[in-house]
Each structure stands twice: as structure tokens, then as C-alpha cells.
Amino acid sequence: MTTPAKSTFFSGLQQNLDQLREQGLYKPERVLASRQGAEVMSEDGRMLINMCANNYLGLSGQEWVAQASIAATEKYGYGLSSVRFICGTQTVHKQLEQAISKFLGTEDTILYAAAFDANGGVFEPLFDENDAIISDALNHASIIDGIRLCKAARFRYAHNDMADLETQLLAAAGKRHKVIVTDGVFSMDGTIAQLDKICDLADKYGALVMIDECHASGFMGKTGRGTHEHHNVMGRIDIITGTLGKALGGAMGGFTSARKEVIDMLRQKSRPYLFSNTLAPSIAGASLAVLQKLSESTELRDRLHENTAFFRKEIERIGFTIKPGTHPVVPVMLFDAPVAQKFAARMYELGVLLSGFFYPVVPMGQARVRVQLSAAHSREQLETVLKAFEQAGRELGLLKN
Ligand SMILES: Cc1ncc(COP(=O)(O)O)c(C=O)c1O
């Protein structure tokens, strides 16, 4: 029954939704009718080259990954109907935890349903009001939420600013334990955290270091171990969180990896682990197969970096401005929000799937389309995409050349 109180509630929601639409902030869902991949089919049957997935190693739609998940389902069933500690841990979950630890160079790992949960459940069991969390201003929303759930004192340093990090470490001097927290790679700009400098500062001020490797695990560093390998600080990072939902297969699932005592405590006290269902065995089995493959060869990681270098060079040659760097996230700067929207729409017409980002997701005046390279992109596909960029850029008068 719709009472007046309920009707005010629902009409209030509708007004807020209408407002989001008027402000251009409403987020529609793009519906795909195919597997995820370098090329995808849209709902209306159009084939598009996909330049906006976190499918860095191109594994999401791969048949061998799907087959590994089917094999795990055949062996372990569809699901556990349980949290881990009651009757929801199978051998495949333990094997995956060991494989992640080995891959990252840590002692132990705990699985979650998502990296959002890993970040949400990592702080509160480990730190309290006697401690300090020192966090990069642009850290992912799940880190921010996780910190909110913890009683530790909060210090925020300006994004990627080592001088300010040192200022905040000094401000936190009286605290029992201090932990510096940063995304290994920041997904909006492809900025790689300066982990070498962060570890030096951590040593100087007696702090721990935690990194979120969602945009790094599987492809950053010489053998794809992550940002800690990239910066040659493996063994100096205390806590690593990451996702199975991007480069490492793309389904879902997250983890925290660290020393045994840390993981043991998370198994006792981390709420998203204690009060949420076990990761499906199909995902655990497929993730294991992925880690096995990545441990055998760097071929996919190498191809991704070749694609990235090629795209970064060519897009600048055409006359676009990008944020400099080496990461497969390539922000193509268009600065103006309506232009970014118009550009993404034109690229869609030209057969390229891209997403535009503008305020408040990125700072005012920094609107952009974010390109994400994948090992699955062929050179031919990238050349087609670059031609479309050139055409749309010329039509909209955006090229510097
Ligand atoms: C930096 C970062 N951390 C955490 C997450 C959450 O990952 P998941 O999708 O596994 O919850 C994401 C995903 O967007 C991310 O980009």
C-alpha cells in the first residue's frame, strides 16, 4: 500500500534521479551481448572495439579460462552456501591463496568476494585508536570506506606528494603503529605510486606500507607481480590488496596478502570475510589456472606493454594530449565535459567503445576519455582505433597538429 510517507520517499528519489540526469551525471549501463574482449557486441548487434575494460591481459573472455572455471564447477560444485570458516573452504580456495602468496612474494593470503571487501575489511581488525592511517588523497573509494570503519586516527597526504607524506608522518609521530596506504596504480590517470620513496619514508618513520594492486597485479613489473616488483620493493610492502576481477581473469573476487600474523588476524576478525559467502569455486579454479599461466610466461604482460607503448606514441603523434606515463590506462585529455561526451559518442558511431570522465569523477577542467589497453588488442585493431581517434578529433577540432 502506498502511504503518503512512502509516496514522499519515492517521489524524492525520482526528483534526485531527474536532477542527476539534468546535470549529466546519470550513469546508464552499457549492455553487451557477447563475451568481454578486444571486440564486443553491443545489445543492438553492433561490433565495437573495446577500449574501456580492465581486461589488461585479455583473459576475461578466453575459452581456456572459461574451461578452467567449468572444470572447477564440475569438481567442486556451484557454490558453498556458507561462509569460509563454517563449511565454506575447499582445497581449491587454499590452493588459490597459496598461489597468490607465491606470485606476490608474501607469506599468506585471504580471499574475499571482491577487492572492495578486502579493503573494507583490512583496517578495523589491525588498527585502533592508538594507531594512524596515512592515506593518499586519491585512494580508491573502498580504501576510504575501509578507513572510515576503523577507529585509527586519519591523516591524508596530497596525491603522490612525498613531501606532504613526510609532513603527515611527522604529524602522526605520537601514534603506536602507523600505516601508509596507497593505490599501487591510480586508475584515473595511470599514475604509478612512488613505492621506492614511500618505503624509504616508511623505514625512516617506522611505518608499515599497504598497497592496493587492483590495476597492477598480473602485469606491472618485469614478471607481472605488481607495482612492488616494478619499483623493486618486493619484500618491503607489508600488506597487499588486489582483485581477481581485472587482469587476473576478470570475473570477481579479491584478496589481502601479507605476513602470516596479519592474515591470521583477518581470518579471525575481518567482517566481510566472516559475514559473507565463500568465493565461488569456479572463480577460484579459473584464477588458479590464470596464475599458473602467468607464472610460466610473461608473454601476455609483454604484449600489453608493447600495445601500450605503441598506442601512447601514436595517439600523441596524431595530435592528442595524454597524461604521460607507461601504464595501460591512457587518459586522453579533452578538458571540457560536453566535448568528452560528444567525442565518446562519435567514437561509438565509429565502432569504438570508450568512456568519458568529467567532474566530479576527475577535477574540473580535466575531462577526458580513458583508454585502457589490453594484451588482446591486435595491432590492426589499435590502428583502426587510432584512425577513428584522428577522424573524430579532426571533426571536433581537437587535434594539435
Ligand atoms: C583501485 C581499486 N581498488 C579496489 C577496487 C574494487 O575491486 P573489486 O571490483 O574487486 O571490488 C577497484 C575496482 O574498481 C579499484 O580500481
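Is Ala193 buried or exposed? Select Ala193 in the viewer to begin; the model on display is a predicted one.

**Stop 1: Ala193**

Ala193 is found in the loop that runs between β8 (191-192) and α8 (195-205). Its relative accessible area is 1%. Because buried means under 20% relative accessible area, Ala193 is buried. Now display the residues around Ala193. Apart from neighbours within four places in sequence, its contacts are Asn160, Thr182, Asp183, Gly184, Phe186, Ile198, Thr227 and His231. Of these, please select Thr227. Ala193 and Thr227 are 34 residues apart in sequence, while their C-alpha atoms are 7.8 Å apart in space.

**Stop 2: helices α7 and α8**

From Ala193, proceed to α8 and select with it helix α7, residues 162-171. How do the two helices lie with respect to each other? Their axes come within 11 Å and cross at roughly 20 degrees. Since angles under 35 degrees count as roughly parallel, α7 is roughly parallel to α8. The crossing of these two helices is right-handed. To see the contact itself, show Met162, Leu165, Glu166, Leu169 and Leu170 in α7, together with Lys197, Ile198, Leu201, Lys204 and Tyr205 in α8. By class, seven residues of this contact are nonpolar, none is polar and three are charged. Ile198, which belongs to the α8 side of this contact, was also listed among the contacts of Ala193.

**Stop 3: helix α6**

Next, select helix α6, residues 141-148. Which residues of α6 are buried? They are Ser142, Ile143, Gly146 and Ile147. These residues cover an arc of only 140 degrees around the axis, and they therefore lie on the same side of α6. A general rule helps in reading this pattern: an α-helix has 3.6 residues a turn, so residues three or four places apart point the same way. What covers the buried residues of α6? The elements that do so include α5 (115-120), β4 (132-136), β5 (153-157), β6 (178-183) and β9 (207-212). Colour these elements separately in order to view the cover.

**Stop 4: helices α2 and α12**

Move on to a second pair of helices: α2, residues 63-76, and α12, residues 281-296. Their axes come within 7 Å and cross at roughly 135 degrees, so α2 and α12 are oblique to each other. The crossing of α2 and α12 is right-handed. Which residues meet here? On the α2 side, show Trp64, Val65, Ala68, Ser69, Ala72, Thr73 and Tyr76. On the α12 side, show Pro281, Ser282, Gly285, Ala286, Ala289, Val290 and Lys293. The residues of the contact of α2 with α12 comprise nine nonpolar, four polar and one charged.

**Stop 5: two residues with positive phi**

Follow the chain beyond α2 to Ser81, which is placed in the loop between α2 and α3 (84-88). Its phi is near 50 degrees, a positive value in a residue other than glycine. Ser81 has 75% relative accessibility and counts as exposed. Then select Asn232, in the loop between α9 (227-230) and β10 (239-243). The phi of Asn232 is near 60 degrees, again a positive value in a residue other than glycine. Asn232 is exposed, with a relative accessible area of 70%.

**Stop 6: strand β15 and the loop after it**

The last stop begins at Ser355, in strand β15 (residues 355-357). Ser355 is buried, with a relative accessible area of 15%. Beyond its neighbours within four places in sequence, Ser355 is in contact with Arg30, Cys52, Arg368, Val369 and Arg370.

Continue into the loop between β15 and β16, where Pro360 lies. Which form does the peptide bond from Tyr359 to Pro360 take? This bond is cis, with omega near 10 degrees.

The loop between β15 and β16 (367-372) also holds Val362. Is Val362 buried or exposed? With 3% relative accessibility, Val362 counts as buried. Residues up to four places away in sequence aside, Val362 touches Met188, Phe357, Ala367 and Arg368. Arg368 thus closes the tour, for Arg368 is in contact with Ser355 and also with Val362.

Definitions and conventions. Residues numbered from 1 in each chain as written. Predicted model: local features only at pLDDT ≥ 70, side-chain atom pairs only at ≥ 80, totals over all residues. Heavy atoms only, no water. Helix = DSSP H or I, 4+ residues; strand = E, 2+ residues; numbered from the N terminus. Buried < 20%, exposed > 50% of the residue type's maximum accessible area, 1.4 Å probe, protein only. Contact = heavy atoms within 4.5 Å. Arc of directions from axis to C-beta. Axes fitted to C-alpha atoms, helices over the stretch in contact; angles between N-to-C directions. Parallel < 35°, antiparallel > 145°, perpendicular 65-115°, else oblique. Left-handed = near helix turned anticlockwise from the far one by under 90°. Nonpolar A, V, L, I, M, F, W, Y, C, P; charged D, E, K, R; others polar.
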